[in-house]
Amino acid sequence: MKKGIHPENYRPVVFKDMSNGDMFLSKSTCKTNETVEFEGETYPLVKLEISSTSHPFYTGKSKLVDTAGRVDRFMSRYSKSTSKK
């Protein structure tokens with residue numbers, strides 16, 4: 001590895017999966033202003049939309065996470081184009 005190109009300020013950070021509420025502790029250099037109490041200690045908090053605990057590839061389940069209605073809009077447009085054929 002080249003010296004001097006990697007960050008030196010790694011610290012414990014809690015990552016929270018917002019789709020299922022699961023949290024895990026890891027080290028990171030992510031900047032955040034939020035904190036959370038985890039296992040009796042206070043740590044910086046980084047919010048994730050999806051993690052290995054909620055992603056269908058890791059869980060083996062086809063779970064659809066649609067927070068902005070994108071799938072509904074796609075399905076409505078797709079159904080209009082297929083009905084014209």
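Here is a short chat about how some labels on this predicted model are earned.

Visitor: Why is the pair Phe15 and Phe24 called stacked?

Guide: Their ring centres are 5.5 Å apart, and a pair needs centres within 6.5 Å. The planes sit at 20°, and stacked calls for under 30 degrees, so the label fits Phe15 and Phe24.

Visitor: How many aromatic pairs does that rule give?

Guide: The count comes to one aromatic pair.

Visitor: What makes Phe15 buried?

Guide: Its relative accessible area is 12%, and buried means under 20%, so Phe15 qualifies.

Visitor: And why is Phe24 called partly exposed?

Guide: Phe24 comes out at 34%. Partly exposed runs between the 20% and 50% cut-offs, so that is where Phe24 lands.

Visitor: How do you know that Phe74 can belong to a surface patch?

Guide: Phe74 has 48% relative accessibility, which counts as partly exposed. A patch residue needs over 30%, so Phe74 clears that cut-off. Phe74 lies in helix H2, residues 70-83, and forms the nonpolar patch with Met75 and Tyr78, at about 340 Å² of accessible area together.

Visitor: What makes up the largest nonpolar core?

Guide: Five residues: Val14, Val36, Phe38, Tyr43 and Leu45. Strand E3 (35-38) and strand E4 (41-48) each give two or more residues to this core. Beyond its neighbours within four places in sequence, Val14 is in contact with residues including Val36, Phe38, Tyr43 and Leu45, and also with Phe24.

Key
Residues numbered from 1 in each chain as written. Predicted model: local features only at pLDDT ≥ 70, side-chain atom pairs only at ≥ 80, totals over all residues. Heavy atoms only, no water. Phe/Tyr/Trp six-rings, centres within 6.5 Å; stacked < 30°, edge-to-face > 60°. Buried < 20%, exposed > 50% of the residue type's maximum accessible area, 1.4 Å probe, protein only. Patch = residues over 30% accessible without salt bridge, like charges linked within 9 Å, V, L, I, M, F, W, Y side chains within 5 Å. Areas by Shrake-Rupley, 256 points an atom, 1.4 Å probe, with all protein chains shown as cover. Salt bridge = Lys/Arg side-chain N within 4 Å of Asp/Glu carboxyl O. Helix = DSSP H or I, 4+ residues; strand = E, 2+ residues; numbered from the N terminus. Core = buried A, V, L, I, M, F, W, Y, C linked by side-chain atoms within 4.5 Å. Contact = heavy atoms within 4.5 Å.
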